Every structure is written in C-alpha cells, then in structure tokens.
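Student: I would like to learn how to read the packing of a helix in a model like this one. Could we go through it together, step by step?

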Amino acid sequence: MKSSFTLITAICFASIFWCANAWAMTLQDAKNARIVGEQPNGYLGIVVDSPEAKQLVLSVNSKRKYYYQIIANRNGLSLNNVTALAAQKAIEAAEPGHMIQTKQGEWIKK
C-alpha cells in the first residue's frame, strides 16, 4: 500500500511539474504575442506587463548580460559597446510584427 501511495505521489508531482513547464511562456511566444520586445540597449523589454513577462525578461536579460560581459572581456570592449552592437543585431533580426523600442522609448511593430 505504501509503495503505491509513493508511486501515485511521484506521478502527481511529475505531472504538476510538466504542466507548469507546458504553461510557461517561451521567448518566442511572448514576442509573437507582442508581450515583450527588443530595446535599443541590447536587452529585452516588457511591452505588456504581467508576472510571466517580468519573469521571462529577468531570466533572458540576466543571461544576456552574462554573455555580453564574456564577449566584452574577450575582445577588450566595454559592456556598453557590446550591448549597443547586440541591440542593433537583435532589432535587425526581429521578425515582422515583433515589437521594438525606439530610442525615444516608444514601442512599435517592426
């Protein structure tokens, strides 16, 4: 009896974990839904505020900053130089319909 309870408990926890991941917003989903967009500073920005968007932006931006710093260190550049170049490339690579932020802070569809 105890082993079947343990098995059922494990299955429940696994299904809860799987469902939470299935409901998690991906970067591509958020861009397609125009919830987030590329900013001129090289980082992702929130277009439509929500807890999920905030979490996604925090996660993506912390990873971006980490890699930007590595690139800056390897090439003897400032972090600002790297983020400026990354912003230019990210905005150029944004798909039509995705949101980009102007230097004045306005969100527009590409």
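**Reading a helix and its packing**

Tutor: In this predicted model, let us begin with a single residue: once neighbours within four places in sequence are set aside, L56 is in contact with M25, T26, L27 and A30.

Student: Which residues make up the largest nonpolar core?

Tutor: A nonpolar core is read as buried nonpolar residues joined through side-chain atoms within 4.5 Å. Here the largest one has 8 residues, namely A30, I35, V36, L44, A53, L56, V57 and V60, and α3 gives the most to it, with 4 residues. A second, separate core has 5 residues, among them Y43, A72, V82 and A86.

Student: How many residues does α3 have, and what span does it reach?

Tutor: The span from first to last C-alpha is set against the expected rise of 1.5 Å a residue; α3, covering residues 51-75, has 25 residues and reaches 36 Å, close to the 36 Å expected. Just after α3, G76 takes a positive phi of about 65°.

Student: Which elements do the buried residues of α3 pack against?

Tutor: The buried residues of α3, which include L56, N61, R64 and Y68, pack against α2, β1, β2 and α4.

Student: At what angle do the axes of α3 and α4 cross?

Tutor: The two axes come within 9 Å and cross at roughly 115°, and α3 passes α4 in a right-handed crossing. At this contact K65, Y68, Q69, I71 and A72 in α3 meet L79, V82, T83 and A86 in α4; by class, the contact has 6 nonpolar, 2 polar and 1 charged residues.

Definitions and conventions:
Residues numbered from 1 in each chain as written. Predicted model: local features only at pLDDT ≥ 70, side-chain atom pairs only at ≥ 80, totals over all residues. Heavy atoms only, no water. Helix = DSSP H or I, 4+ residues; strand = E, 2+ residues; numbered from the N terminus. Expected span 1.5 Å × (residues − 1). Buried < 20%, exposed > 50% of the residue type's maximum accessible area, 1.4 Å probe, protein only. Contact = heavy atoms within 4.5 Å. Axes fitted to C-alpha atoms, helices over the stretch in contact; angles between N-to-C directions. Left-handed = near helix turned anticlockwise from the far one by under 90°. Nonpolar A, V, L, I, M, F, W, Y, C, P; charged D, E, K, R; others polar.
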